[in-house]
Amino acid sequence: MVKAIVPNSLKEALTELSKEKYRLVAGGTDMLIQFHNHAPLPIAFKDNVMYIANIEELLGIHDDDEKIYIGACEPLESLLKNDVVPKIIQDTIIEMASPAIRHTGTLGGNIGNASPAGDSLVPLYLLNADIEIQSLNKTRIVCIMDFIKGVRKINLQPDEIITKIILTKTNFSKTSFTKVGPRRSDAISKLSFAGAITLENDLVKDFRIAFGSVNITVVRRPEIENKYINMPINKFKDSVDQIVEEYSNYIRPIDDQRSNKEYRKHVCKNILKDYILSI
């Protein structure tokens, strides 16, 4: 028989997870899509379910001099209303979700779902987000690029919960998020793009690019970005075709019901080129 529990604290949740396996549910917006029942019947869960959205330790947004800490179950709508949250994340949330989803969906849920079409993952990769994870006796922190291993594959043990998303404060000169989908929001992306750059005295001091829905995980290649650090901005723009070609090697979309791979790759290259030339 499938069990459903609602723990009152993080300790209670972790204690239960140390005894038995549960499917963790916060907003449930991703899970309802995965387990949608075409008949007019409730979802028939096959696993035990633990509802964690109301656990106080998993909520809240705060910062210190260097970092921003976002509770894994803090609703997306709250992120829009908090000035501490980086603008590129707020720009992404507006594009990715309807008001109803924003009031229930969470960053922790998007990360745990690990879909390559998860729009919020794109700026989190761009920002080098760290994921705080807790079990009953241990806390560990993992970079998001090491945490997400593939399509719905994550570095999380059955007795662990994602507790926080940790961001390093960064002042970029220009950021951009672009989503291509059948409508502006509340739709799964055909592809998505995030870019960020920092300029000082006409030199590129920081440069980051990430793509969603074009590989098994978000595409970000720091080894390409690092080639252009300390380059004069004019020379950087003159290198646009080279940059596009370097990223093209890692843009490997598939054909599915939302789009085809040729379209996705072509649009990704155009968006990247337009972003660089607009700086």
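Start with L124: setting aside neighbours within four places in sequence, this residue is in contact with I89, L107, I111, A129, I144, I165 and L167. Bear in mind that what you're looking at is a predicted model. The chain has 12 helices and 13 strands, and 48% of its 279 residues are buried. Here's a quick tour, starting from the inside.

**Nonpolar cores**
- L124 belongs to the largest nonpolar core, a set of 37 residues, and is listed with I89, I111, I144, I165 and L167 as having the most contacts inside it.
- Helix α7 (residues 121-126) gives this core its largest share, 5 residues.
- Apart from that core lies another one, with 27 residues, including I197, Y228, I233 and C268.
- As a general backdrop, nonpolar side chains tend to be buried together in soluble globular proteins.

**Helix α1 and its two faces**
- Helix α1 spans residues 10-19, and L10, A13, L14 and L17 are buried in it.
- Look down the axis of α1 and the buried residues fall within an arc of 95°, so they line one face of the helix.
- Turned away from that buried side is a face carrying the exposed residues K11 and K19.
- As for what sits over the buried residues of α1, the cover includes strands β2 (23-25), β3 (49-51), β6 (130-134) and β10 (161-168).

**The small sheet**
- Two of those covering strands, β2 and β3, turn up again in an open sheet of 3 strands, ordered β1-β3-β2 with parallel pairing.
- β1 (4-5) and β2 stand at the edges with a single partner strand each, so one side of each has no neighbour in the sheet.
- The β2 and β3 strands run parallel and are joined by 3 bridges.
- If you want a residue pair to click on, R23 stands opposite V49 in β3.

**E246, a buried acid**
- E246 is part of helix α11 (residues 240-248).
- With a relative accessible area of 13%, E246 counts as buried, since the cut-off for that label is under 20%.
- The E246 side chain makes polar contacts with two other side chains: K227 at 2.4 Å and Y228 at 2.5 Å.
- Once neighbours within four places in sequence are set aside, E246 is in contact with I224, K227 and Y228.
- Y228 links this spot to the cores, as it is one of the residues in the 27-residue core.

**I141, an exposed isoleucine**
- I141 lies in strand β7 (residues 139-143).
- This isoleucine is exposed, at a relative accessible area of 51%; the label needs over 50%.
- Leaving out neighbours within four places in sequence, I141 is in contact with D130, I131, E132 and I166.
- I141 and I162 are 21 residues apart along the chain, and their C-alpha atoms are separated by 9.7 Å.

**Whole-chain numbers**
- Of the contacts with a separation of 6 or more, 64% come from residues 24 or more positions apart.
- The chain exposes about 13,800 Å², and carbon and sulfur atoms supply 48% of that area.

Technical notes: Residues are numbered from 1 along each chain as its sequence is written. This is a predicted model: local features need pLDDT of at least 70, side-chain atom pairs count only at pLDDT 80 or more; totals for chains, interfaces and linings use all residues. Side-chain values use heavy atoms; hydrogens and water are left out. Buried means under 20% relative accessible area, exposed over 50%, partly exposed in between (1.4 Å probe, protein chains only). Helices (H or I, at least four residues) and strands (E, at least two) are DSSP runs, numbered from the N terminus. The arc is that of the directions from the helix axis to the C-beta atoms. Contact means heavy atoms within 4.5 Å. A nonpolar core is a set of buried Ala, Val, Leu, Ile, Met, Phe, Trp, Tyr and Cys residues joined through side-chain atoms within 4.5 Å. A polar contact is a pair of N or O atoms within 3.5 Å; within protein, one must be able to donate a hydrogen and the other to accept it, and residues adjacent in sequence count only if both atoms are side-chain atoms. Accessible areas come from the Shrake-Rupley method with a 1.4 Å probe; for residues, only the protein chains shown count as cover. Two strands pair if DSSP finds at least two bridges between them.
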